[in-house]
Amino acid sequence: MEINISELMKSSKSTLEGKWGLAIGTFLVFMLLSGGVQATSETYPVMGIVAALIVGPFAVGLSKFSLHIARNEEARFEDSFSGFSNFLNAFLAYLLMMIIVLVGMVLLIVPGIIAAMALSMTFFIMSEDTSISAIDALKKSHAMMNGYKMSYFLLSLRYLALTILCILTLGIGLFWLLPYIYVTNATFYELINEDTSIDILA
C-alpha cells in the first residue's frame with residue numbers, strides 16, 4: 001500500500017486544530033532545555049554528556065504526546081517526560097540508532113539514510129510498550145518500515161523543504177514545525193502499525 005503524503009500531512013494539521021498552543025508550549029520547553037544544555041556544554045563539557053543522555057527519553061515522551069494528539073486523545077504536557085520512567089532503554093535505543101546510522105553514513109551515506117528510515121518508528125514503539133527492550137524496539141521498527149521506507153523518505157523531503165522556509169522566518173516557524181513533524185510521524189506510525197485501509201492510504 002502506498003501512503004498519500006499530502007493527505008497524511010493534511011490529516012495531521014487537522015488533528016492539531018485547537019491544540020496548537022499545548023503542542024507548541026510542550027515542544028518549546030524541550031527546545032529550551034536541550035538548547036540550554038547544548039549551550040552550556042561549551043563551558044562545561046559534562047553537559048554534552050547530559051545532552052546525549054536526555055535525547056532518547058525525551059524522544060519517547062514526545063512520541064507519546066504526539067500519538068495522543070494524532071488519535072484525538074487527551075494529550076498532556078507531562079507526557080513529554082514519560083520516557084524518563086524507562087530511561088535506560090530509551091537512552092540505549094538512541095545510542096544504538098546513532099551508531100547504526102553513523103556507520104551507514106561513513107560507508108556510503110545511502111545506507112545511513114536507509115537505516116534512519118528503517119529505525120524511525122523506534123520511539124513511537126517504546127512510547128506504547130514500556131516493557132520492550134531497546135534492541136527489540138529497533139527490530140520492530142525495521143520490520144514495520146518494510147515497504148514504507150520510500151514513503152517516509154518522501155515525507156522527510158517535505159520536512160526539509162518546510163525547515164528551509166522556517167529558516168527564512170529567522171527560525172520562528174520552527175515552533176510550529178517541530179510539533180507538526182512529530183504529529184505527522186505519529187499519524188504515519190498509526191497507519192503502518194494498524195495497516196488499515198482509510199482515506200490516507202491510496
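What should the 21 residues of α9 span at 1.5 Å a residue, and how far apart are its end C-alpha atoms? The expected span is 30 Å, and the end C-alpha atoms are 30 Å apart, which agrees. That expectation is 1.5 Å times one less than the number of residues. Helices here are DSSP runs (H or I, at least four residues), numbered from the N terminus.

This is a predicted model: local features need pLDDT of at least 70, side-chain atom pairs count only at pLDDT 80 or more, and totals for chains, interfaces and linings use all residues. Residues are numbered from 1 along each chain as its sequence is written, and side-chain values use heavy atoms, without hydrogens or water.

α9 is mostly covered. Of its 21 residues, 15 are buried (under 20% relative accessible area, with a 1.4 Å probe and protein chains only).

α9 also helps line the largest pocket, as do α3, α4, α5, α6 and α8; each gives two or more residues. The largest share, five residues, comes from α8. In total, 23 residues form the lining. Ser120, Tyr152, Ile181, Tyr182 and Asn185 lie nearest the centre. By class, the lining has 18 nonpolar, five polar and no charged residues. Here Ala, Val, Leu, Ile, Met, Phe, Trp, Tyr, Cys and Pro count as nonpolar, Asp, Glu, Lys and Arg as charged, and the others, Gly among them, as polar.

Now turn to helix α2, residues 20–40, which holds Thr26. Thr26 counts as buried because its relative accessibility is 2%. Beyond its neighbours within four places in sequence, Thr26 is in contact (heavy atoms within 4.5 Å) with Leu62, Phe65, Phe77 and Ser80.

Technical notes: On a 1 Å grid over the protein atoms alone, a cavity is a set of points where a 1.4 Å probe fits but cannot get out, and a pocket is an open set with protein on both sides within 12 Å along at least five of seven lines; lining residues have an atom within 4 Å of a point. Buried means under 20% relative accessible area, exposed over 50%, partly exposed in between (1.4 Å probe, protein chains only).
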